[in-house]
Amino acid sequence: MGISAPTFLTGIFLQYVFAYRLRWLPLDGFGLTVGEHALSVVLPALTLGVAGAAYYTRLVRDDMIDLLKQDFVRTARAKGVSSFDVVVKHALRNALLPLVTVIGLDFGALVGGAIVTEKLFRWPGLGQLSVDAVFDRDAPIIMGTVIVASAAIVLSNLLVDVSYVLLDPRTRSR
């Protein structure tokens, strides 16, 4: 359900359950104090994270199933490496490479999903600013938001490339 539900529907569902029914969290806005601000960021963060978490979990699970059948895992087990070390140090480390790639590529979609989430939870942000600028035909603001979003996407791709070096020793230069 996390993958197939649109962002606005997930947000409305979370608002209904946690803000309206249970009254644990604020419905929208961002609060005045630090405590109110911390509570009001929970629902938007969950809304943006549900789809990604569902997809990433499925991706890692599928990779782990394939990796645990590989010869290097069988060799590590034959050498007497503990099951925890086999799973974490051998299989999971290799499963993280595709995950890091997908997270970096999904950053642009996250920015797009943030526009809907900002509107739903009445949060002022870059997405709301860009939408308002388009409706107001404010070209300098539109260009500024596009440049900031583009820079964030380029930076996320740079972080993905740097993380490859940390995760996979084969990519390090000698």
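Let me begin with a term: a residue is called buried when its relative accessible area is under 20%, and exposed when that value is over 50%, with partly exposed in between. The structure shown is a predicted model.

I turn to helix α7 with that term in hand. Its buried residues are T145, A149, S156, V160, S163 and L167. As background, an α-helix has 3.6 residues a turn, so residues three or four places apart point the same way. Helix α7 contains 29 residues, which at 1.5 Å a residue should span 42 Å; the C-alpha atoms at its ends are 42 Å apart, so expectation and model agree.

What is the accessibility class of V148? This residue lies in helix α7. V148 has a relative accessible area of 47%, and is therefore partly exposed. Its C-alpha atom is separated by 31 Å from that of V60, a residue 88 positions away along the chain.

Next, the partner of α7. Two packed helices are described by the angle between their axes and the distance between the axes. For helix α6, residues 126-136, and helix α7, residues 139-167, the axes come within 9 Å and cross at roughly 150°. The crossing of α6 past α7 is left-handed. On the α6 side, the contact is formed by L126, L129, S130, A133 and V134, and on the α7 side by I141, I142, T145, V148 and A149. Sorted by class, this contact comprises eight nonpolar residues, two polar residues and no charged ones. Two of the contributors from α7, T145 and A149, also appear among its buried residues.

Between these two helices there is a loop, and R137 is located in it. R137 adopts a positive phi of about 55°, although it is not a glycine. Is R137 buried or exposed? Its relative accessibility is 77%, so R137 counts as exposed.

A further arginine deserves mention, at the other end of the presentation's route: R23, in the loop between α1 and α2, the latter being residues 34-40. R23 likewise is not a glycine, and has a positive phi of about 55°. With a relative accessibility of 63%, R23 is classed as exposed.

R23 comes just after helix α1, and I close with that helix. Helix α1 covers residues 7-21, 15 residues in total, and reaches 20 Å from its first C-alpha to its last, close to the 21 Å expected. At Q15, α1 bends by about 30°. Q15 is also one of the buried residues of α1, together with T10, G11, L14 and A19.

Technical notes
Residues numbered from 1 in each chain as written. Predicted model: local features only at pLDDT ≥ 70, side-chain atom pairs only at ≥ 80, totals over all residues. Heavy atoms only, no water. Helix = DSSP H or I, 4+ residues; strand = E, 2+ residues; numbered from the N terminus. Expected span 1.5 Å × (residues − 1). Bend = angle between axes of the 7 residues up to and from the residue. Buried < 20%, exposed > 50% of the residue type's maximum accessible area, 1.4 Å probe, protein only. Axes fitted to C-alpha atoms, helices over the stretch in contact; angles between N-to-C directions. Left-handed = near helix turned anticlockwise from the far one by under 90°. Contact = heavy atoms within 4.5 Å. Nonpolar A, V, L, I, M, F, W, Y, C, P; charged D, E, K, R; others polar.
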